[in-house]
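Student: I would like to go through this model with you, asking at each step what justifies the terms we use.

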Amino acid sequence: MGQLNPAQSEAVGTLGGPLLVLAGAGTGKTRVITFRVANLIKHGTAADRILAVTFTNKAAMEMQERISGQLKLPKRVRRGQPAPARPQIGTFHSHCVQILKRWTGELGYPDRFTIYDRSDAESVARTVLREIRVAESTLSPSDFLNIVSRWKNAGVRPENADSAATSDQEHIAASGFRRYQRALKLQAAFDFDDLLVFAEQLLVENPKVRLAEAGRYDHVLVDEYQDTNGCQYRIIKALAQGHRNLCVVGDDDQSIYGWRGAEVRHILNFRQDWPEAKVVRLEDNYRSTDAILTMSKRLRVDKTVSPGDFAILFRTNEQPRPFEMELRKRKVPYMITGSQSFFDRKEVRDLLAYLRWIDSPDDELALLRVINVPPRGMGAGSVDKLLKQAVATSSSVWKVMHDEVFSATLPTAAQGGIASLKELQSRYKAQFDGHLSAHQDPSQVPSMAEVLIKLIDDLKYREEIQRLYAEPEEAAMRIGSLESVLNSIAQYEESAAEPTLDDFLASIVLSGREYGSGKDKQQGLNAVSLMTYHSAKGLEFPIVYMIGMEEGVLPHRRSISGEIDSVDEERRLCYVGVTRAQDELALSLPQSRFKWGKPRPTYPSRFLYELTGQGDHPNRIKSIQAAAQEAKKSGRTKR
Ligand code: ATP
Ligand code: MG
């Protein structure tokens, strides 16, 4: 720690104005950001007037830790105690959540809101499409969401969607778009894209918000700038415009989010927007050995290694399965970042739905999920009536529950159910918020984990699980998942500066978004990492395996069949993979792979030839031709 090379020192020592650090993988760009934040604080900038934006939650946590280490900030603070000022470090999404929290009123949203993940969004989309009588075979909820997401990232609003539509499917989507947004608003929910879209809208269109938000910071720093999309670009511009203390770092060779609307020109045009910008280039790679950089020879590792030193990188979700099986068989600990399975378990979703609903009772999906779990007299008939009334009065189910006249028309059992739901919500809301009754000692505020334990007991949720799953092993496993939720809330409380329930819920849903369950090396898990190239960005490992180096996998079939024209983006993905390795890198491919139930020969990836300097090898040409044929064929047999 402490050392920087001259180019890095120059960047770190630049205390103001626009600054662009453009450099290759492993050259210390992220290190420059961390050191620079610490240096700004040493030179008198108040810590909480610095905003650093990273691309993943994992990267944000790592940076928070490194900076806290450098500044010797205390790791934890008691609930209810004032936290020392810290730099704001987070992802674009998490920062937008903070902005929205402060300004939802300006959008006509209630001040408590939920974030809907993809499966929540799909169920809203399904209802909307049903309402406008679109069959799933015409436009599936998932295709609908893809179209809407593309529009949102391109800045298309519901009212302009119809003129942006170019196909039949898009015209249908356009007619559902407005309804979809209305449904989300009624339920006080945002989907992932909305977080960026509405934050941008507030910053760009509402001078009061822009002044206040931009005024919170004196410095803005952005890591992985090559992957910002238009929306993110405008958010950063709005925040930095006034003070112009904007430092961005990135590597155009690692731009891998073109499919999500990222535009590499933002980094390449930085000097047009900020003409007085200083540009620093870093040349030395500190991460990888020369052999990896030149890809010329294999290395021997003679120091002892542990599971946490290994990463297996893959392109598609089917790839890790055989590796998982093998690792399990050999009892090698591993973790997958690339599957959300934990958060898809019924009991986990139930429990999180309880927390979501307690925090934001208009969250209809959460409420409907818990409304009669465990049973409390809310039968299907009553729920149906509530829903119809909500639609008829354009309000939320929760508000309808507060309509005394309407409630009186429901069966007595349901009236009892409503009363107990209201009581439960307000009691636990107060407890999670850490409210004390007058005679309580402030040091006695129960932790959120303790409140959650009480909630599980109150709901008799363990008994419910035992009732649902007669098999003792199954029940034990499901009770085990409740415990994992508890552990994750406890872990969250340990690490957050000022823990709150809605912040915890946002962090869970946002970490699910990037396929991570938030458990990683720094939390003490010593396990082999299995992850996608996308989630590996910015990370490093002593030993890296890139599996499935074959045409159709990397580069992905879709990129070579012409469905999306992006072999270049696949090449950058390969580059990201190679540059994760510190000591040893292995590239492999199977000799054959099952396709449509039959083993088929594989063709070595064109990138293997390129990496080893044989870009014009005759086998490479053959493998590209064969792959293109396969890709076309499978494109035709699709559906
Ligand atoms: P990527 O493009 O993959 O995000 P990066 O440019 O952000 O890479 P870092 O992660 O900051 O690179 O640095 C790569 C590794 O090199 C880290 O382990 C870092 O601590 C180390 N490193 C960087 N600069 C130096 C230095 N001057 N002295 C010693 N180690 C360094
Ligand atoms: Mg980095």
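Student: Which residue stands opposite I50 in β6?

Tutor: In this predicted model, I50 has H219 of β6 opposite it.

Student: What makes strand β2 and strand β6 a pair?

Tutor: Two strands count as paired if there are at least two bridges between them, and strand β2 (residues 50-54) and strand β6 (residues 219-222) are joined by four bridges in the parallel sense, so by the definition they pair.

Student: In what order do the six strands of the open sheet lie?

Tutor: The order is β3-β2-β6-β7-β1-β8, and the pairing is parallel.

Student: Why are β3 and β8 called edge strands?

Tutor: The term applies to β3 (88-91) and β8 (278-282) in that each of them pairs on one side only. Across this sheet, with direction ignored, neighbouring strands are turned by 15 degrees against each other on average.

Student: What is the order of the open sheet of five strands, and which strands are at its edges?

Tutor: Its order is β10-β11-β9-β12-β13, again with parallel pairing, and the edge strands, each pairing on one side only, are β10 (334-337) and β13 (581-587). From one strand to the next, the twist averages 20 degrees.

Student: How do you know that β10 is paired with β11?

Tutor: The definition asks for at least two bridges, and four bridges join β10 to strand β11 (residues 528-532), the two running parallel; therefore the pairing is established by the definition. Within this pair, M335 stands opposite S529 of β11.

Student: Turning to the ligand, what makes K29 a residue that comes near ligand 1?

Tutor: A residue is near if one of its heavy atoms lies within 4 Å, and there are 19 such residues around ligand 1, of which K29, T30, Q254, E540 and R580 come nearest.

Student: How do you know that K29 and Q254 make polar contacts with ligand 1?

Tutor: The cut-off for a pair of N or O atoms is 3.5 Å. An N or O atom in the side chain of K29 is 2.7 Å from an oxygen atom of ligand 1, and a polar side-chain atom of Q254 lies 2.8 Å from an oxygen atom of ligand 1, so both pairs fall within the limit. The backbone of G28 also takes part, with a polar atom 3.1 Å from an oxygen atom of ligand 1. Taken alone, ligand 1 exposes 630 Å², of which the protein buries 87%.

Student: Which helix gives the largest share of the shell, and how do the residues of the shell divide?

Tutor: Helix α2 (residues 29-42) contributes the largest share, three residues, while the shell as a whole divides into three nonpolar, 10 polar and six charged residues.

Student: Why is ligand 1 said to lie between domain 1 and domain 3?

Tutor: Domain 1 (6-101 + 203-282) and domain 3 (307-341 + 518-636) both give residues to the shell around ligand 1, and therefore ligand 1 lies between them.

Student: What makes certain backbone geometries worth pointing out?

Tutor: Most peptide bonds are trans, and most residues other than glycine have a negative phi. The bond from V373 to P374 is cis, with omega near -5 degrees, and P374 is placed in the loop between α18 (364-370) and α19 (380-392). The bond from L554 to P555 is cis as well, with omega near 5 degrees, and P555 lies in the loop between β12 (541-546) and α28 (557-560). R133, although not a glycine, has a positive phi of about 55 degrees, and its place is the loop between α5 (118-131) and α6 (141-153).

Note on methods: Residues numbered from 1 in each chain as written. Chains lettered and ligands numbered in written order. Predicted model: local features only at pLDDT ≥ 70, side-chain atom pairs only at ≥ 80, totals over all residues. Heavy atoms only, no water. Polar contact = N/O pair within 3.5 Å; in protein donor to acceptor, adjacent residues only side chain to side chain. Areas by Shrake-Rupley, 256 points an atom, 1.4 Å probe, with all protein chains shown as cover. Nonpolar A, V, L, I, M, F, W, Y, C, P; charged D, E, K, R; others polar. Domains from an automatic or database assignment. Axes fitted to C-alpha atoms, helices over the stretch in contact; angles between N-to-C directions.
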